[in-house]
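This briefing walks through a single protein model, topic by topic, for a reader who will want to check each statement against the coordinates.

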Amino acid sequence: MTNALDREIAVYLDHLKAERGLSTHTIAAYSRDLARYAEYLRAAGITEPCAIDRIAAAGFPIQLAAQGLAASSVGRMTVAVRGLHRFWADEGITAINPAQMINPAAPGRRLPKALTIDQVEALIEATGGRHPGAPPDQIRDWALVEVLYGTGARISEVLDLDVEDVIRMLADETMGLKFTGKGNKQRILPVGRFAREAMQEWLVRGRPAVLASRATSAFFLNIRGGRLSRQSAFNRILALGHKAAITQEISPHTLRHSYATHLIDGGADVRVVQELLGHSSVATTQIYTLITVDHLREVYRVSHPRAVE
């Protein structure tokens with residue numbers, strides 16, 4: 001037999017489906033989370049919405065965390081509970097909203113996984129593009145890795161490059177390369193000698209061999225002569241990582257993380273790195289300083305005679 005608690009949760013789920021138009025998948029997720037909330041309340045002897053006070057509502061995420069649930073799961077369930085109580089208060093089912101002051105748990109901050117400099121070199125070597133007589137796809141992969149790591153640009157920004165932009169940059173050693181980032185914001189990034197050399201080789205030896213139509217303005221091409229897609233670029237970096245025996249997860253974004261981490265490790269100011277990455281807030285960039293601190297702490301731990309625990 002269902003009690004008042006279960007009935008009113010069912011009313012809320014019907015509201016989400018009929019009036020909010022949420023998908024079946026989302027409704028199922030809400031249903032599971034709220035069923036767990038109802039189980040928690042019943043264990044506390046609560047079977048009616050009006051009997052839920054602020055202490056009872058606040059105890060739910062605390063119990064979930066104590067049971068070892070990930071912060072993301074606790075946060076998701078807390079959002080579901082807050083929505084439920086807001087609905088009940090708005091509909092007059094309860095006089096108050098006891099979950100109003102409960103905030104979802106902040107998810108743990110995931111640090112970017114940067115490659116070591118030796119791993120970057122191994123990745124570049126795995127392309128095979130630097131060797132004489134390398135086929136076009138290997139030269140392209142070489143240029144792609146060098147540009148991603150050498151500029152820190154997003155993969156979408158790199159794949160949006162057109163031939164004219166690259167030719168202008170290569171014609172002047174002091175000229176940077178123009179990228180268009182999020183929100184159509186443009187920035188000009190310096191390009192080092194290694195990336196320039198790889199781009200020159202792709203432009204002169206690799207790209208003409210696969211160019212299907214002179215009307216194609218894209219700089220990076222697939223083997224059929226069209227603009228290289230994000231998925232294809234992702235697959236190429238993944239394959240190169242395996243070939244280079246890099247065991248950690250790797251993607252084009254890993255090279256952007258590595259670029260930023262190595263700059264800050266080398267002494268670059270965080271605000272300069274912010275501009276290079278195209279971050280709108282320095283707070284986004286400061287996560288890389290945490291990596292550097294962790295690195296320094298580890299060096300200290302293994303190097304200093306008084307650091308041994």
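**Cavity, contacts and salt bridges**

Helix H3 (54-66) and helix H4 (71-90) each contribute at least two residues to the lining of the largest cavity. The model is a predicted one, and its protein chain contains 14 helices and two strands. Of the 309 residues in that chain, 43% are buried, and among contacts between residues at least 6 apart in sequence, 59% join residues at least 24 apart.

**The cavity**

- The structure holds one cavity of 30 Å³ or more, and the space in the largest cavity comes to about 30 Å³.
- The lining of the largest cavity consists of Ala57, Phe60, Pro61, Thr78, Val81, Arg82, Ala99 and Ile102.
- Sorted by class, that lining has six nonpolar residues, one polar residue and one charged residue.

**The strand pair**

- Strand S1 (residues 177-180) pairs with S2 in the antiparallel sense, and four bridges are found between the two.
- Within this pairing, Leu177 has Leu189 in S2 as its bridge partner.
- Strand S2 (residues 186-189) presents two faces, of which the covered one carries Arg187 and Leu189, while the uncovered one carries Gln186 and Ile188.
- Five residues lie between the strands in the hairpin of S1 and S2, where Gly183 takes a positive phi near 70 degrees.

**Salt bridges**

- The structure holds 11 salt bridges, and three of the pairs that form them are described in the points below.
- Glu121 and Arg130 form a salt bridge in which the closest N and O atoms are 2.7 Å apart; Glu121 counts as partly exposed because its relative accessibility is 40%, and Arg130, at 33% relative accessibility, also counts as partly exposed.
- Arg236 and Asp141 form a salt bridge whose closest N and O atoms are 2.9 Å apart. Because Arg236 lies in helix H10 (residues 230-243) and Asp141 in helix H6 (residues 136-151), this pair ties together parts that are 95 residues apart in sequence.
- The partners of that pair fall into separate exposure classes, since Arg236 counts as partly exposed at 29% relative accessibility, whereas Asp141 is buried with a relative accessible area of 2%.
- Asp162 and Arg227 form a salt bridge with the closest N and O atoms 2.8 Å apart. Asp162 belongs to the loop between helix H7 (155-159) and helix H8 (163-170), and Arg227 to the loop between helix H9 (193-210) and H10, so the pair ties together parts that are 65 residues apart in sequence.
- Asp162 counts as partly exposed at 24% relative accessibility, and Arg227 counts as partly exposed at 35%.
- Salt bridges that share partners join Glu121, Glu125 and Arg130 into one network.

**Arg230 in helix H10**

- Arg230 is found in helix H10, and with a relative accessible area of 55% this residue counts as exposed, because the class begins over 50%.
- Leaving aside residues up to four places away in sequence, Arg230 touches Ile155, Ser156 and Leu159.
- Although Arg230 and Leu159 are 71 residues apart in sequence, their C-alpha atoms are 7.4 Å apart in space.

**Backbone at Ala245**

- Most residues other than glycine have a negative phi. Ala245, which is not a glycine, nevertheless has a positive phi of about 60 degrees.
- Ala245 sits in the loop between H10 and helix H11 (252-265), and its relative accessible area of 62% makes this residue exposed.

Technical notes
Residues are numbered from 1 along each chain as its sequence is written. This is a predicted model: local features need pLDDT of at least 70, side-chain atom pairs count only at pLDDT 80 or more; totals for chains, interfaces and linings use all residues. Side-chain values use heavy atoms; hydrogens and water are left out. Buried means under 20% relative accessible area, exposed over 50%, partly exposed in between (1.4 Å probe, protein chains only). Two strands pair if DSSP finds at least two bridges between them. On a 1 Å grid over the protein atoms alone, a cavity is a set of points where a 1.4 Å probe fits but cannot get out, and a pocket is an open set with protein on both sides within 12 Å along at least five of seven lines; lining residues have an atom within 4 Å of a point. Grid points are joined across faces, edges and corners, and a volume is the space filled by probe spheres set on the points. Ala, Val, Leu, Ile, Met, Phe, Trp, Tyr, Cys and Pro count as nonpolar, Asp, Glu, Lys and Arg as charged, and the others, Gly among them, as polar. A salt bridge is a side-chain nitrogen of Lys or Arg within 4 Å of a carboxyl oxygen of Asp or Glu. Contact means heavy atoms within 4.5 Å.
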